[in-house]
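This briefing walks through a single structure, topic by topic, for a reader who has the sequence and the coordinates at hand. Please keep the display open while reading the points that follow.

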Amino acid sequence: MSTASLDVAKRCSREATLAGAKAAAVATIASAIPTFASVRMLPWAKANINPTGQALIISTVAGMAYFIAADKKILSLARRHSYENAPEHLKNTSYQGTGRPHPAFFRP
């Protein structure tokens with residue numbers, strides 16, 4: 001790999017990590033508030049969800065948010081960079097059709 005490719009890969013992974021961390025922080029807050037509120041207000045939750053269970057719920061949501069956001073960021077950056085480096089004849093993504101008329105039931 002060239003140095004430019006390694007720099008792009010490092011920058012993309014750094015951006016993905018940052019996006020995942022932001023998503024995890026938001027998800028932690030968004031899941032902690034209802035979890036803590038339900039444990040205080042609902043009798044079933046108060047009886048069945050101990051502090052370890054609360055932490056497990058919150059950390060699972062944060063972990064899922066991190067990996068989903070980071071994966072989405074990596075895929076979008078890979079898509080953008082693959083399009084930038086593609087040959088010109090592949091950049092035309094407009095659909096020209098086959099030239100055949102549509103059957104009557106497909107016409108608008």
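Does Phe67 count as buried or exposed? In this predicted model, Phe67 has a relative accessibility of 60% and therefore counts as exposed, the cut-off for that class being over 50%. The points below take up the ring pair to which Phe67 belongs, the spans annotated as transmembrane, the surroundings of Gln54 and the salt bridges.

**Aromatic pair**

- One aromatic pair is found when the whole structure is searched, and this pair is formed by Tyr66 and Phe67 in an edge-to-face arrangement, with 5.2 Å from centre to centre and 85° between the planes.
- Tyr66 is partly exposed at a relative accessible area of 26%, whereas its partner Phe67 is exposed at 60%.

**Annotated spans**

- The UniProt record, an unreviewed entry, places the feature "transmembrane region" at residues 21-39 and 51-70.
- In the model, residues 21-39 are 100% helix and 0% strand, with the end C-alpha atoms 26 Å apart.
- Residues 51-70 are likewise 100% helix and 0% strand, and the C-alpha atoms at the ends of this span lie 28 Å apart.

**Gln54 and its contacts**

- Gln54 is part of helix α3, which covers residues 51-84, and with a relative accessible area of 10% the residue is buried.
- When residues up to four places away in sequence are left aside, Gln54 touches Thr35, Phe36, Val39 and Ile49.

**Salt bridges**

- The search of the whole structure yields two salt bridges, and Glu15 takes part in one with Arg11 as well as in one with Lys73.
- Between the side chains of Glu15 and Arg11 the N to O distance is 3.2 Å; because these residues are four apart in helix α1 (residues 3-41), about one helical turn separates them.
- Between the side chains of Lys73 and Glu15 the N to O distance is 3.9 Å, and this pair links distant parts of the chain, since Lys73 lies in helix α3 and Glu15 in helix α1, 58 residues apart.
- Through shared partners, the salt bridges join Arg11, Glu15 and Lys73 into one network.
- Each member of this network is partly exposed, with a relative accessibility of 35% for Arg11, 27% for Glu15 and 27% for Lys73.

Technical notes
Residues are numbered from 1 along each chain as its sequence is written. This is a predicted model: local features need pLDDT of at least 70, side-chain atom pairs count only at pLDDT 80 or more; totals for chains, interfaces and linings use all residues. Side-chain values use heavy atoms; hydrogens and water are left out. Rings of Phe, Tyr and Trp (its six-membered ring) pair if their centres lie within 6.5 Å; planes under 30 degrees apart count as stacked, over 60 as edge-to-face and the rest as tilted. Buried means under 20% relative accessible area, exposed over 50%, partly exposed in between (1.4 Å probe, protein chains only). UniProt positions are given in the numbering used here, feature names are shortened, and annotations may be inferred rather than shown by experiment. Helices (H or I, at least four residues) and strands (E, at least two) are DSSP runs, numbered from the N terminus. Contact means heavy atoms within 4.5 Å. A salt bridge is a side-chain nitrogen of Lys or Arg within 4 Å of a carboxyl oxygen of Asp or Glu.
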